[in-house]
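Biologist: Could you walk me through how the labels on this model are earned? I would like to see each term set against its cut-off.

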Amino acid sequence: MATKPRQRRAGRSTPAKLALAPLVIAHRLPILAAEAAKSPFGGRETRKAASEKLAAATEGALAAQREAGATLVRFWLGALMGTKPSPGQMSRAAGRVVDAALAPAGKRVSANAKRLSRPGK
């Protein structure tokens, strides 16, 4: 029985989204410097950057934990049925955990790249 090829979701992959980080930094640094010159507590963009990072880190940690738990359940169910995970399965499982952890950061980097690269920003 032939299996269907896995369909890719529309849009960029997480590594491609994270590759936009230098663009976001280049757009954001002058804004952050201007805000720091006005107030030691920063301005709107400074608060937005800090809160986004905290939210992305929290979401990423929770997503990684959820994926790691699901992986453990799959491995234990397989062990109870008498199968051992192959090195390839273990590698893919680790990749899924990493992807889950980085996806929230990638989503925010992509959104910031769009927002900050618009004319007038």
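Modeller: Gladly; this is a predicted model, and we can take the labels one by one.

Biologist: Let's begin with Leu18. Why is Leu18 called partly exposed?

Modeller: Leu18, which is found in helix H1 (residues 14-18), has 26% relative accessibility. Buried means under 20% and exposed means over 50%, so at 26% Leu18 counts as partly exposed.

Biologist: And what is Leu18 in contact with, leaving aside its neighbours within four places in sequence?

Modeller: Leu102, Ala105, Gly106 and Val109. Each of these counts as a contact because heavy atoms come within 4.5 Å. Leu80, for its part, is 62 residues from Leu18 in sequence, and the two C-alpha atoms are 38 Å apart.

Biologist: Ala19 comes next in my notes. What makes Ala19 exposed?

Modeller: The relative accessibility of Ala19 is 55%. The cut-off for exposed is over 50%, therefore Ala19 counts as exposed. Ala19 lies in the loop between H1 and H2. Its C-alpha is 8.7 Å from that of Gly106, although 87 residues separate the two in sequence.

Biologist: How do you know which class Ala50 belongs to?

Modeller: Ala50, placed in helix H3, has 47% relative accessibility. That value falls between the 20% and 50% limits, so Ala50 is partly exposed. Ala50 and Gly60 are ten residues apart in sequence and 15 Å apart in space, C-alpha to C-alpha.

Biologist: Now for the helix pairs. Why is H2 called oblique to H3?

Modeller: Two packed helices are described by the angle between their axes and the distance between the axes. The axes of H2 and H3 come within 8 Å and cross at roughly 120 degrees. Roughly perpendicular covers 65 to 115 degrees and roughly antiparallel starts over 145, so the crossing at roughly 120 degrees makes H2 oblique to H3.

Biologist: Which residues meet there?

Modeller: From H2 come Arg28, Ile31, Leu32 and Glu35, and they meet Arg44, Glu45, Thr46, Ala49, Glu52 and Lys53 in H3. By class, the residues of this contact are three nonpolar, one polar and six charged.

Biologist: What does Arg108 touch, leaving aside its neighbours within four places in sequence?

Modeller: Arg108, which lies in helix H4, is in contact with Glu52, Ala55, Ala56 and Glu59. Arg108 and Ala21 are 87 residues apart in sequence, with their C-alpha atoms 9.7 Å apart.

Biologist: Last topic: how much space lies in the second largest pocket, and which residues are closest to its centre?

Modeller: About 250 Å³ lies in the second largest pocket. Of its 13 lining residues, Val24, Arg28, Lys53, Val109 and Asn112 are the closest to the centre.

Biologist: Which helices supply at least two residues of that lining?

Modeller: Helix H2 (21-38), helix H3 (44-80) and helix H4 (87-116). The largest share, six residues, comes from H2. Classed by type, the lining of this pocket has eight nonpolar, one polar and four charged residues.

Terms used. Residues numbered from 1 in each chain as written. Predicted model: local features only at pLDDT ≥ 70, side-chain atom pairs only at ≥ 80, totals over all residues. Heavy atoms only, no water. 1 Å grid on protein atoms, 1.4 Å probe; cavity = no way out; pocket = protein on both sides within 12 Å on 5 of 7 lines; lining within 4 Å. Points joined across faces, edges and corners; volume = space filled by probe spheres on them. Helix = DSSP H or I, 4+ residues; strand = E, 2+ residues; numbered from the N terminus. Nonpolar A, V, L, I, M, F, W, Y, C, P; charged D, E, K, R; others polar. Buried < 20%, exposed > 50% of the residue type's maximum accessible area, 1.4 Å probe, protein only. Axes fitted to C-alpha atoms, helices over the stretch in contact; angles between N-to-C directions. Parallel < 35°, antiparallel > 145°, perpendicular 65-115°, else oblique.
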